[in-house]
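The following note sets out numbered points for a colleague who is examining this entry. Please read them alongside the sequence and coordinates.

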Amino acid sequence: MPARPLIDLHAHSTASDGTLGPAELVRAAADAGLAVVAITDHDTTAGWAPAVDALPPGLSLVRGAELSCRWHGAAPALPLHLLAYLFDPDHPELVAELARVRQAREVRGERIVALLRADGVDVSWPEILAAADGGTVGRPHIAAALIRAGLVATTTEAFGRDWLGERYRLPKDDIDVFRAVALVRAAGGVPVFAHPRASRRGRIVPDALIAELAGVGLAGLEADHEDHTPAEAAHVRRLATDLGLLVTGSSDFHGSHKSVRLGAHTTAPEAYERIVEASSGVTGVASG
Ligand code: AMP
Ligand code: ZN
Ligand code: FE
Ligand code: FE
């Protein structure tokens, strides 16, 4: 029996907070033996074109994004990540929302740096913004500055409670999750909840919310992810079965900002086919 193709539907590049450029990302995906990789940078499609241009033979690319969302039904409002696949990158309302969120991330990043500086921590916002090099700015960029300043040794330490995980953590202005699901569908794309049950990151999406979103266009749930325990992944799979949603698995690769490798978790070919079929075809899968 031929080996099942390896399909990894969640990876970041320097277009957001990954450390490999989009071209390096697709080359690394081919080197890792993947048949399909998705580029899913936070709140941007800027990595799509350079990834397509560099696509190695035999590798398929799913163009996507990871949208910063919020659910206002909890107090405080709950931040959520929604993966969006194969949507039209020129859909005006979606384009506007993504631009707004990227701008909000810059405002928030500058505020975090101001808090750090007020406490005598010598990090510079212009330097952090320059290092992000036009990509969507996130806390990992601030973490990198803390590492450069010798204040922490690793990104994980920078995300600890004394730093960006709590003391210097500020909310950002995200997209309402119901609006995000509707916009992704309106743009012909396929919305899949990223790591919906990652308790170790304090990110548990209530089952009732998932059920409600399943009724208005949510297509799937990411079950196999490094932030899920085996029990959490199993719970997500059961929930998906109950709601008729598809299930994905993925690495959420961030280059050296995280230790996870490309292909560490993968998606079944049947689920991948369902995603492709559910998209409107404006943005097809690109083949190398
Ligand atoms: P932000 O988008 O600015 O809120 O920063 C969150 C991003 O940082 C997410 O994409 C995570 O993948 C990444 N992240 C969160 N926690 C950690 C951690 N402990 N180590 C490395 N990266 C993290
Ligand atoms: Zn990230
Ligand atoms: Fe995420
Ligand atoms: Fe991610």
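**Metal sites, ligand pocket and backbone**

1. The donor residues of the zinc ion (ligand 2) follow the sequence spacing D-x24-H-x211-H. They are Asp17, which gives two OD contacts, His42 (NE2) and His254 (NE2), at 2.1 to 2.6 Å from the ion. Donors here are N, O and S atoms within 2.8 Å of the metal (3.2 Å for Na, K and Ca); water is not among the atoms, so sites may look incomplete.

2. The model is predicted: local features need pLDDT of at least 70 and side-chain atom pairs pLDDT 80 or more, whereas totals for chains, interfaces and linings use all residues. Residues are numbered from 1 along each chain as its sequence is written, chains are lettered from A and ligands numbered from 1 in the order in which they are written, and side-chain values use heavy atoms, with hydrogens and water left out.

3. Two of the zinc donors link distant parts of the chain: Asp17 is in the loop between β1 (7–8) and α1 (22–31), and His42 is in strand β2 (residues 36–42), 25 residues apart. Helices (H or I, at least four residues) and strands (E, at least two) are DSSP runs, numbered from the N terminus. Both Asp17 and His42 are buried; this term means under 20% relative accessible area, with exposed over 50% and partly exposed in between (1.4 Å probe, protein chains only).

4. The iron ion (ligand 3) lies 5.7 Å from the zinc ion (ligand 2). Glu66 (OE), His81 (ND1) and His195 (NE2) coordinate the iron ion at 2.1 to 2.2 Å, with the spacing E-x14-H-x113-H. Glu66 belongs to strand β3 (residues 60–71) and His195 to the loop between β6 (190–193) and β7 (197–198), so this pair ties together parts that are 129 residues apart in sequence. Glu66 is buried at 1% relative accessible area, and His195 is buried at 3%.

5. Which residues come nearest to ligand 1? Of the 13 residues around it, these are His42, Arg105, Arg108, Arg139 and Lys258; a residue counts as near if one of its heavy atoms lies within 4 Å. Oxygen atoms of ligand 1 lie 2.8 Å from a polar side-chain atom of His42 and 2.7 Å from one of Arg108. For Lys258, a side-chain N or O atom is 3.0 Å from an oxygen atom of ligand 1. Taken alone, ligand 1 exposes 490 Å², of which the protein buries 93% (Shrake-Rupley method, 1.4 Å probe). Helices α3 (92–118) and α5 (139–148) are the elements that give two or more residues to the shell around ligand 1.

6. The backbone also merits inspection. Most residues other than glycine have a negative phi, and most peptide bonds are trans. Ala75 and Pro76 are joined by a cis peptide bond, with omega about -5°; Pro76 is in the loop between β3 and β4 (78–85). Asp43 has a positive phi of about 60°, lies in the loop between β2 and α2 (48–53) and is buried at 0% relative accessibility. Asp252 likewise has a positive phi, about 55°; this residue sits in the loop between β10 (246–249) and α10 and is buried at 2%.

7. Val282, in the loop between α10 (269–278) and β11 (286–287), is exposed at 54% relative accessibility. The C-alpha atoms of Val282 and Val121 are 47 Å apart, with these positions 161 residues apart along the chain numbering.

How values were computed. Polar contact = N/O pair within 3.5 Å; in protein donor to acceptor, adjacent residues only side chain to side chain.
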